[in-house]
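Thanks, everyone. I have one fold to walk through, and I'll keep it short. Please look at the screen.

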Amino acid sequence: MKLRLIARHIRDDQDYEIEDIDPDADVQTLLSRMEEEIEANRAEGSNWRFSIQPTEEAYR
């Protein structure tokens, strides 16, 4: 199953897909990238939430 990493900014209430990840990446790769994004956005505090979700094509 193909997965994607989604970032949600609390103030904007919008989802942003982290685009530059290999679509065949495994969960461990996505978790590592999530940790990088958290560190990169640490200055904003807890305004970001991240999730790993199946891609739309996984449901077809």
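Start with the surface. The protein exposes about 4500 Å², and carbon and sulfur atoms supply 46% of that area. Accessible areas here come from the Shrake-Rupley method with a 1.4 Å probe; for residues, only the protein chains shown count as cover.

A word on the source. This is a predicted model, in which local features need pLDDT of at least 70 and side-chain atom pairs count only at pLDDT 80 or more, while totals for chains, interfaces and linings use all residues. Residues are numbered from 1 along each chain as its sequence is written, and side-chain values use heavy atoms, with hydrogens and water left out.

Now burial. Of the 60 residues in the protein, 28% are buried. Buried means under 20% relative accessible area, exposed means over 50%, and partly exposed lies in between (1.4 Å probe, protein chains only). The C-alpha trace spans about 35 × 20 × 15 Å along its principal axes.

Next, the elements. The protein has 1 helix and 3 strands. From the N terminus they run β-β-α-β. These are DSSP runs, numbered from the N terminus: helices are H or I with at least four residues, strands are E with at least two.

How are the strands ordered in the sheet? The order is 2-1-3, in an open, antiparallel sheet. Strand 2 (14-17) and strand 3 (48-54) are the edges, each pairing on one side only. Neighbouring strands are turned by 30 degrees against each other on average, direction ignored. Strands of a sheet pair through backbone hydrogen bonds. Two strands count as paired if DSSP finds at least two bridges between them. Strand 1 (residues 3-9) and strand 2 have 4 bridges, in the antiparallel sense. Ile-6 stands opposite Glu-17 in strand 2.

On to the helix. Helix 1 (residues 27-40) lies across strand 1 and strand 3. Helix 1 runs at about 165 degrees to strand 3. Axes are lines fitted to C-alpha atoms, for helices over the stretch in contact, and angles run from 0 to 180 degrees between N-to-C directions. Contact means heavy atoms within 4.5 Å. Among contacts between residues at least 6 apart in sequence, 58% join residues at least 24 apart.

Last, one loop residue. Asp-12 is found between strand 1 and strand 2. Is Asp-12 buried or exposed? Asp-12 is partly exposed, because its relative accessible area is 43%. The C-alpha atoms of Asp-12 and Glu-37 are separated by 17 Å, and these residues are 25 apart along the chain.
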